[in-house]
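Hi,

Here is the structure I promised to pass on. Have a look at it first, and then read on for what turned up when I went through it.

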Amino acid sequence: MNLNVSSFSLLSLTLLLLFSPTVTADNITHAFEKYSNFSTMSDLFTKTKLTTLISKYQTITLLAVNNNNISSITNKSAIELKNILMTHVILDYYDELKLKGMKEKSIMLTTLYQTTGLGEEMNGFLNCTKSKGRVYFGSGVKGSPLNAEYVTTLYHNPFNLSIIQITMPIVAPGLSLAVLPPPPPPVPLAPAPAPSTMNAAMAPSPSPMSGATPPAPAPAPGPGNEDNASDSNVPKLTPETETPEVDSPAPTPSADNEKIEAADKAGKTSSACKTRFSFEVVVLLMKNMPGHNEKRFCICLLQTMRDD
């Protein structure tokens, strides 16, 4: 009897799994049509062709982000965007009823990215943690933040398809840059103090034994070099061309010179005339003077005038 009951239950479960409807792309698109605020998320699933890949699974839970909060990943490359969206597809069924009945603990959920074989360090898993009655999601990589909080269930078809809303997208390490709050600005470093004059003066001078090679002395110039150097330093003078001396013509007497010569001749003639006149006067006086002394005076005067 007990064997028959167990066999019947197993058969019923097998039939349920065989005839249960699978998730299709039409089902996902139809579910998002009711919520225009999630149109960007729906377009991204269609653009990356993930709806076709999801159709191979019978049980799926999609983590959806509204248009206002999904902009942080829309500028990613096509490969990064596809990998990020695959981590938002859980290969299990979760709705509001199941999440509320969950105990205060953390569980690891397998995502569609894990099936690609590219998962590293648990980035193909999600960490689902319930704390103080609230449910949070984050990457399964150790140390990853639990920033995405559960909001509500948008669509559910029990044990087949469920779409639940979270507050922000989840970006696992290794898929792209994690979506985190901006870090605080770095603290500026104080500039290094400049060396003082005293320290510079006290710095040891290089020792001759330190291995530094002294500069080689300049070679002394030989006698030939000195001659060459002196010859090169002394400027060469170009001999001047001897020009034959040419007798300069006698200066032509000017009108002024002629006047001066004429005046000199006239002065001499007048002086001679005056002397002759004076001589005749003295002779006349000497003849008319009776005294012997007066005559001697006249003779002396005549000699003086003759000397002049």
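**The sheet, from the inside out**

Strand β1 is covered on both of its faces: Ile60, Leu62 and Ala64 are buried on one side, and Thr61 and Leu63 are buried on the other. That makes five buried residues out of five for β1 (residues 60-64), so the strand is largely enclosed by the rest of the structure. Before you read too much into any of this, keep in mind that the model is predicted.

Where does β1 sit in the sheet order? The open sheet has seven strands, running β2-β1-β7-β6-β5-β4-β3, so to speak from one end to the other, and its pairing is mixed. At the edges are β2 (89-90) and β3, each of which pairs on one side only.

You can see the mixed pairing right at β1. With β7 it pairs in the parallel sense, over five bridges, while with β2 the pairing of β1 is antiparallel and has two bridges. Threonine 61 is a handy residue to click on here: it stands opposite serine 162 in β7, and its bridge partner in β2 is isoleucine 90.

Further along, β5 and β6 run antiparallel and are joined by two bridges. If you want a landmark there, phenylalanine 137 stands opposite alanine 148 in β6.

**Salt bridges**

How many salt bridges does the model have? The count comes to two, and they make a nice contrast.

One of them is between glutamate 149 and arginine 134, with the closest N and O atoms 2.7 Å apart. This pair links distant parts of the chain: glutamate 149 is in strand β6 (residues 148-157) and arginine 134 is in strand β5 (residues 134-139), with their positions 15 residues apart in the numbering. Is glutamate 149 buried or exposed? Its relative accessible area is 18%, and buried means under 20%, so glutamate 149 counts as buried. Arginine 134, with 43%, is partly exposed.

The other is local. Lysine 100 forms a salt bridge with glutamate 96, and here the closest N and O atoms are 3.0 Å apart. Both residues lie in helix α6 (residues 96-100), four residues apart, or about one turn of the helix. Lysine 100 is exposed, at 57% relative accessible area, whereas glutamate 96 is partly exposed, at 32%.

**Rings**

A search of the whole structure gives two aromatic pairs. One of them is tyrosine 35 with phenylalanine 38, an edge-to-face arrangement with 6.4 Å centre to centre and 85° between the planes. The two partners differ in cover: tyrosine 35 is partly exposed at 29% relative accessibility, and phenylalanine 38 is buried at 4%.

There is also a charge over a ring. The charged end of lysine 98 sits over the ring of tyrosine 94, at 4.2 Å from the ring centre.

**Two backbone spots to check**

Most residues other than glycine have a negative phi, so positive values are worth a look. Which residues have a positive phi although they are not glycine? Methionine 122 is one, with a phi of about 70°. It is found in the loop between β3 (106-110) and β4 (125-131), and methionine 122 is partly exposed, with a relative accessible area of 38%.

Phenylalanine 159 is another, with a phi of about 60°. This residue is in the loop between β6 and β7 (161-166). Phenylalanine 159 counts as exposed, at 67% relative accessibility.

**Overall numbers**

For the whole protein, there are 10 helices and seven strands. Of its 308 residues, 25% count as buried. The protein exposes about 22500 Å², and carbon and sulfur atoms supply 61% of that area. As for contacts with a separation of 6 or more, 60% of them come from residues 24 or more positions apart.

That's the lot from my side. Have fun with it!

How values were computed: Residues are numbered from 1 along each chain as its sequence is written. This is a predicted model: local features need pLDDT of at least 70, side-chain atom pairs count only at pLDDT 80 or more; totals for chains, interfaces and linings use all residues. Side-chain values use heavy atoms; hydrogens and water are left out. A salt bridge is a side-chain nitrogen of Lys or Arg within 4 Å of a carboxyl oxygen of Asp or Glu. Buried means under 20% relative accessible area, exposed over 50%, partly exposed in between (1.4 Å probe, protein chains only). Contact means heavy atoms within 4.5 Å. Accessible areas come from the Shrake-Rupley method with a 1.4 Å probe; for residues, only the protein chains shown count as cover. Rings of Phe, Tyr and Trp (its six-membered ring) pair if their centres lie within 6.5 Å; planes under 30 degrees apart count as stacked, over 60 as edge-to-face and the rest as tilted. A charge sits over a ring if NZ of Lys or CZ of Arg is within 6 Å of the ring centre and within 35 degrees of the ring normal. Two strands pair if DSSP finds at least two bridges between them.
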